[in-house]
Amino acid sequence: MKGNVLNYDITLKSGLISGADGNRYTFSVDDWKSQMEIRSGRNVDFDIVDKTATDIFPDSKSVTGGSQKIPAALLAFFLGAFGAHKFYLGYKTQGFIMLLVFIFGFILLGIPSMIIGLIAFVEFIIYIIKSDEEFENTYVIGEKKWF
């Protein structure tokens with residue numbers, strides 16, 4: 001059955017899944033069958049035994065890193081000096097910082113603008129070399145704002 005994780009308590013090593021049928025099912029960390037971290041909101045596929053979720057696998061569509069990694073990397077490469085990739089990932093403050101440094105950098109012979117462009121290129125490289133899961137855990141879930 002399909003569903004999504006409503007909550008997960010690390011200390012109790014158990015959680016609650018909302019099934020597509022509208023019912024809620026408890027689960028234990030022992031039923032989690034993936035290396036990906038358990039987190040609220042993750043879509044899952046699972047079996048049901050006595051109102052308990054078993055054999056829980058993250059749904060491949062719930063791995064947001066794959067869907068955000070490539071666009072973020074392309075934005076970093078082509079429009080990174082303007083902070084476009086930061087805005088795309090939801091980091092508005094960092095996006096504005098990059099945009100303002102780039103724009104006002106021309107006053108100082110363009111050196112700050114070149115530095116921001118270099119930072120964007122480094123972030124492009126980092127985004128590309130990370131796996132989808134690493135990207136998701138670092139920039140989407142972990143909200144790491146720089147490098």
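## Structural report on a predicted model

In helix α5, which covers residues 132-141, the buried residues include F135, E136, T138 and Y139. After α5 comes E143, a residue with a positive phi near 55°. The structure described here is a predicted model.

The protein contains five helices and five strands. Along the sequence these elements follow the order β-β-β-β-β-α-α-α-α-α.

**Overall dimensions and surface**

The radius of gyration of the protein is 20 Å, whereas a compact globule of 147 residues would have a value near 15 Å. The C-alpha trace spans about 70 × 25 × 25 Å along the principal axes of the protein. Of the 147 residues, 35% are buried. The exposed area of the protein is about 8,400 Å², and carbon and sulfur atoms supply 63% of that area. Among contacts in the protein with a separation of 6 or more, 46% are between residues 24 or more positions apart. As to charge, the protein carries 14 positive and 16 negative side chains. The centres of these two sets lie 7 Å apart.

**Strand pairing**

Strand β4 takes part in both of the pairings tabulated here.

| Strand pair | Residues | Sense | Bridges |
|---|---|---|---|
| β1 and β4 | 2-9 and 43-49 | antiparallel | three |
| β4 and β5 | 43-49 and 52-58 | antiparallel | five |

In the pairing with β4, N4 stands opposite N43. On the side of β5, D45 is placed opposite F57. The hairpin formed by β4 and β5 has two residues between the strands, and in this hairpin D50 adopts a positive phi near 55°.

**The setting of S113**

S113 belongs to helix α4, which comprises residues 111-129. Is this residue S113 buried or exposed? With a relative accessible area of 6%, S113 is classed as buried, because the class requires a value under 20%. When neighbours within four places in sequence are set aside, the residues in contact with S113 are V101, F102, G105 and F106.

**Recapitulation**

The predicted model thus presents five strands followed along the sequence by five helices. Its radius of gyration is 20 Å, set against a value near 15 Å for a compact globule of 147 residues. Strand β4 is joined to β1 by three bridges and to β5 by five bridges. In the helical part, α4 holds the buried S113, while α5 holds buried residues including F135 and Y139.

Methods. Residues are numbered from 1 along each chain as its sequence is written. This is a predicted model: local features need pLDDT of at least 70, side-chain atom pairs count only at pLDDT 80 or more; totals for chains, interfaces and linings use all residues. Side-chain values use heavy atoms; hydrogens and water are left out. Helices (H or I, at least four residues) and strands (E, at least two) are DSSP runs, numbered from the N terminus. The radius of gyration is taken over C-alpha atoms; the globule rule is 2.2 Å times the number of residues to the power 0.38. Buried means under 20% relative accessible area, exposed over 50%, partly exposed in between (1.4 Å probe, protein chains only). Contact means heavy atoms within 4.5 Å. Accessible areas come from the Shrake-Rupley method with a 1.4 Å probe; for residues, only the protein chains shown count as cover. Lys and Arg count as positive and Asp and Glu as negative; His and the chain ends are not counted. The place of a charge is taken as NZ of Lys, CZ of Arg, CG of Asp or CD of Glu. Two strands pair if DSSP finds at least two bridges between them.
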